[in-house]
Each structure stands twice: as C-alpha cells, then as structure tokens.
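Let's work through a few short exercises on pockets and a ligand. Keep the picture open as you go, and take each solution one step at a time.

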Amino acid sequence: MYRTLDSGVILPASRAERPVVIAIDGPAASGKSSTSKWVAERLGVHHADSGALYRAATASRLRAPGALGTSESWTEQSVLEAARAVSFVPGKTSFEVRINDAPADEELRGAGVTANVSLVARMPGVRAWVNERIRECARGSSIVVDGRDMGTAVFPDAALKIFLIADPWERARRRLVQRLERSPSEDEIAVETDDIVKRDAKDATQTQQASDAILIDTTYLTQAEQVDRIVALARAVGG
Ligand code: CDP
C-alpha cells in the first residue's frame, strides 16, 4: 500500500505519516540554497538553510561591542550571546532568518560575514545551536535542508541525501552572476575562485559527504536540470 502526499512524494503507508527529510550538502557556492529552495517549492514543503543561521550568528556578533577586534578574539560564549537575537521563522516556502525581529538578508551575504563565518562555524556550541534550530524546523513536517553536514551530523536518517559539487571556476562565476547581476570578467572570476577555494579549505572539517549521499556534479548542468534530477529522486524515495 502506498500513499501520495500533496507534494507528489509517494510513501509506503507505514511511513506516510512520518515526515520526510531531504538533505542537500556541498561546498561553498555549489548552489545548495537556491536548488534546495526550488526543490522544496516543487515538493510543496518548507526549506531551511543552515548556512543562513551560521551567517546570522556571525552578523549578530559583528553588530556587538568589540566586533571590530579580530574575530580570532571572539569567544564561543560571545557568539552564542549574539545569536540570541536571531530567530528562524517559517515564511511562505522557506524558514527566514531575522535579527532582532528584522530581516537581514543583505547583511548575511556581506563580505564581513563571509570572511568570519567559517571561524564561527567551527565553534562546537554554535554548531549545536544551529543543529537544534534545524531539527526544530523538521519536527512533525517534511522539509528540504541544506548545508554541509545535514546528511551526516544532523539528519543521518534522511530519506534522501544529495551532495552537490561543481568546478571552483564555475562556482565562482555563478556566485558573481548572482551578486553582480551581469557577466563577470575573467579577472573577477579568478579572484572569486581564489576566495572560494580558501573558504573550502577553512570549511573542510565541517563539509561532510555522507556515505549514502548521491553525488551530483553540476558543472555542466543548468539549475533547472539539477532541480529536476533531485525532485525525481525525491519522488522515488518512497516509491
Ligand atoms: O552559500 P555558501 O555555500 O557560500 O555558504 P553558506 O551555505 O551560506 O554557509 C556559510 C558558512 O557557514 C560556510 O562557509 C560554513 O563555514 C558554515 N556552514 C557550516 O559549517 N555547516 C553548515 N551546515 C552550513 C554552513
């Protein structure tokens, strides 16, 4: 006996009432968040971006007194204190980050946050704080989550695990198109590639491909193609 959810996901009857978690992980700028958002929309479920929480904790700490010193002097306690101003609220299709109850999307993508977020993400207490927020989002409902360790540390039993990779040059080009809203020059791509490779190195320990994850190299795929592929895999999960 099978049952089809409104989203089109087909589940065996015994699992039909159990929420489905789809975990999408991968390195910097591999397209996790935008892909996850589209996949969630197609499946009619919510999306939660764990990277946005790491970025929000960092942004909130940057607003706090003493933020202008080197981030190496930040203590885990000071970051967790700053993170108390962060909330993660269900929007129409994604959970949205707020700092002091206000949206902070642009700030989260700013250079200051990007430069300091890897250090913040290495703090065990901050990882526990993010993981708990993300697990709360999944309590009782199906969800698409994205990050670097969703399929390992946070949802080892996820119904579907995807690990997205792409050539660093292509990741840099996409990130610049998104940020600049025009075609970047070769020199601009070279600088961004360097930044992405450096961040990959800083994030190496927390970027984990689950042994049962499906690896998708998106270098030569369009976003629509990668979304189609993941939606098809999600539909096959219970079928
Ligand atoms: O979009 P992009 O890949 O540039 O990064 P992000 O998903 O917004 O994540 C920002 C940062 O948060 C990463 O560089 C990691 O340091 C950290 N992160 C993590 O450690 N674990 C996660 N599950 C998600 C993000």
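**Exercise 1.** Which helix gives the largest share of the lining of the second largest pocket?

*Solution.* Keep in mind that this model is predicted.
- Step 1: The second largest pocket holds about 430 Å³ of space.
- Step 2: Its lining has 16 residues, and the closest to its centre are Thr114, Arg179, Glu192, Asp195 and Arg199.
- Step 3: Helix 5, helix 8 (168–180) and helix 9 (186–202) each supply at least two residues of this lining.
- Step 4: Helix 9 gives the largest share, six residues.

**Exercise 2.** How do the residues lining the second largest pocket divide by class?

*Solution.* Sort the lining into three groups: four residues are nonpolar, three are polar and nine are charged.

**Exercise 3.** Where is the ligand, and what surrounds it?

*Solution.*
- Step 1: The ligand takes up the space of the largest pocket.
- Step 2: Look at the elements that give two or more residues to the shell around the ligand: they are helix 2 (50–63) and helix 5 (111–121). Helix 2 provides the largest share, four residues.
- Step 3: The ligand is surrounded by 20 residues, with Lys32, Arg55, Arg175, Arg199 and Asp203 the closest.
- Step 4: By class, this shell has six nonpolar, five polar and nine charged residues.

**Exercise 4.** Which atom of the ligand lies 2.9 Å from a polar side-chain atom of Asp149?

*Solution.* For Asp149, the partner is a nitrogen atom of the ligand. Now see how much of the ligand is covered: the protein covers 99% of the 530 Å² of accessible area that the ligand has on its own.

Key
Residues numbered from 1 in each chain as written. Predicted model: local features only at pLDDT ≥ 70, side-chain atom pairs only at ≥ 80, totals over all residues. Heavy atoms only, no water. Near = heavy atom within 4 Å. Polar contact = N/O pair within 3.5 Å; in protein donor to acceptor, adjacent residues only side chain to side chain. Areas by Shrake-Rupley, 256 points an atom, 1.4 Å probe, with all protein chains shown as cover. 1 Å grid on protein atoms, 1.4 Å probe; cavity = no way out; pocket = protein on both sides within 12 Å on 5 of 7 lines; lining within 4 Å. Sits in = over half its atoms within 2 Å of the grid points. Nonpolar A, V, L, I, M, F, W, Y, C, P; charged D, E, K, R; others polar. Points joined across faces, edges and corners; volume = space filled by probe spheres on them.
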